Amino acid sequence: MEEAGDCASAKAQLRAFGPDVAILDFRLPDGTALDLIPYIRANSTTSIIVLTAYATIDTAVEAVKMGAEQFLTKPVELQTLAVVIERLIENQRNRRQMLAGTKRGHLRDRVDPFLGDTPAIRELREKAEAVLRTDSPVLIQGETGTGKTELSKWIHRHSRRADEAFVDLNCAGISREFLETELFGHEKGAFTGAAVAKQGLLEVADRGTVFLDEIGDMDSQVQASVLKALEEKRFRRLGDVRDRSVDIRLIAATHHNLGALVAERKFRQDLYYRISALELRVPPLRERPADIPAIAATLLERLSRDLGHGPVTFGADALEALRRYHWPGNIRELRNVLERALLRTSGNILDARTFEFPSASSPTLTPTIQRAGTLDDVERDYIEQVLREENGAIDRVAQRLGVSRSAVVLQGPQAQHRHREAQGVVIVVSR
């Protein structure tokens, strides 16, 4: 809680941070609450309580018309004031959640990102649970379709910010201008077409969580603004001349090797170090085929319900076909295959013939090497292929090949890879 003794210092406090609630004494040395209410309304979403010992119906009506939520006569019972403040703070929280689209009514909509029981997924759960003890930024790495978004939602739901808003934005393929206005918002007239002021996602997520998917595709100029918001806890809307305070927890995700992008000067090194203090890697399906039956069963139950299909089970050969497939699109592709299979059948059993796999890939545990030659040639080609798929990460290559780290022999230029292990505000204005 912060205090201010007059209108001028109150405005300075409001510029310094964004309180949930402002309690205004009606009479102040340099004005009245009626002078402050328009300023607060124009620059924040702060809820306003006005206190006065000189209450009249006219002043109360005027204060409420200008935007005050409550007009109370002094002396005020502290217990009553506390109840009013708690209700206004809860309303603020609900408003942010509604803007972010994260107000959920049913637990069934939530997805468990740790389905399965292989060592890889157990390790991911252990590291994710450790992340909950801090508000530091988190970097989630993994191939497309592995479930990075669901993991970010799980972290938010189980964090100390769970009651606040969760907002997400995919940075891939978005222009710099659009990305800036989505993240930071803009003032009226900031650019052609900006007919009204707009809140950015950082404001909507204040005291909550922001998830930036595919952050490796973010424009370098926007990267600088994001870094400032993280380090200084403040940002500036497009077309504005003043900073706004914000308190967010950032979760970023990418399928790129950010270390390689930094080396190529395609990603800011300072932002990389800022967001990668805690790293989580979501393993692809091909590294945990034993988990596929559990994941497939959960997806099938959900799809059956959503499509209005009756209960469906897998035939004897179905799960084996799913386990043998390489799954380049991971869980997202698995869901698509199951959905197509459900739409093709009216029965209650799915067998291997029901599945449609892309013609470019066959149901096999390992991709086919398209090169003739000696066994050494084929072996070298496959090692190089796995190296490319894993961005030169020797530990993951060795795990996929089922050999020790020292047994991985590199042919040609060695890929460079850096692996790092994871590690309600109220303002009172009174004389």
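In which sense, left-handed or right-handed, does α5 pass α6? The crossing is right-handed. Keep in mind as you look that this is a predicted model. To find the pair, follow helix α5 through residues 119–131 and helix α6 through residues 148–157. Their axes lie 10 Å apart, and the two helices pack at an angle of about 40°. Why is α5 called oblique to α6? An angle of about 40° is not under 35 degrees, the limit for roughly parallel, and it also falls short of the 65 to 115 range for roughly perpendicular, so the pair counts as oblique.

Another helix pair makes a nice companion to this one. Helix α2 covers residues 33–43 and helix α3 covers residues 57–66. Here the axes come within 9 Å and cross at roughly 15°. That angle is under 35 degrees, so α2 and α3 are described as roughly parallel to each other. As for handedness, α2 passes α3 in a right-handed crossing.

Now let us turn to the end of strand β6, which spans residues 70–73 and includes T73. With a relative accessible area of 44%, T73 is partly exposed, because that value lies between the 20% and 50% limits. Its C-alpha atom is separated by 8.4 Å from that of V50, although the two residues are 23 apart along the chain. Move on from T73 and you come to a cis peptide bond, which joins K74 and P75 with omega at about 0°. P75 itself sits in the loop between β6 and α4, the helix of residues 78–100.

The next stop is inside the protein. Which residues line the largest cavity? They are L183, F184, L202, L212, V226, A229, L230, I248 and L250. The space in this cavity amounts to about 50 Å³. Its lining divides into nine nonpolar residues, with no polar and no charged ones. Two helices, α7 (176–184) and α9 (220–232), each supply at least two of the lining residues. Of the contributors, α9 gives the most, with three residues.

Helix α7 deserves a second look. Its buried residues are L179, E180, T181, E182, L183 and F184, and two of these names, L183 and F184, also appear in the cavity lining. Just after α7 comes G185, which takes a positive phi of about 80°.

G185 leads us to other backbone positions with a positive phi, this time in residues that are not glycine. E214 has a positive phi of about 50°. You will find E214 in the loop between β11, residues 209–213, and the helix α9, which you have already met at the cavity. Is E214 buried or exposed? At a relative accessible area of 8%, E214 is buried, because the value is under the 20% limit.

R265 is another such residue, with a positive phi of about 60° although it is not a glycine. Its place is in the loop between α10 (258–263) and α11 (269–275). R265 counts as exposed at 79% relative accessibility, because exposed means over 50%. So E214 is a buried loop residue, whereas R265 is an exposed one.

Notes
Residues are numbered from 1 along each chain as its sequence is written. This is a predicted model: local features need pLDDT of at least 70, side-chain atom pairs count only at pLDDT 80 or more; totals for chains, interfaces and linings use all residues. Side-chain values use heavy atoms; hydrogens and water are left out. On a 1 Å grid over the protein atoms alone, a cavity is a set of points where a 1.4 Å probe fits but cannot get out, and a pocket is an open set with protein on both sides within 12 Å along at least five of seven lines; lining residues have an atom within 4 Å of a point. Grid points are joined across faces, edges and corners, and a volume is the space filled by probe spheres set on the points. Helices (H or I, at least four residues) and strands (E, at least two) are DSSP runs, numbered from the N terminus. Ala, Val, Leu, Ile, Met, Phe, Trp, Tyr, Cys and Pro count as nonpolar, Asp, Glu, Lys and Arg as charged, and the others, Gly among them, as polar. Buried means under 20% relative accessible area, exposed over 50%, partly exposed in between (1.4 Å probe, protein chains only). Axes are lines fitted to C-alpha atoms, for helices over the stretch in contact, and angles run from 0 to 180 degrees between N-to-C directions. A crossing is left-handed if the near helix is turned anticlockwise from the far one by less than a right angle, and right-handed if clockwise. Angles under 35 degrees count as roughly parallel, over 145 as roughly antiparallel, 65 to 115 as roughly perpendicular and the rest as oblique.
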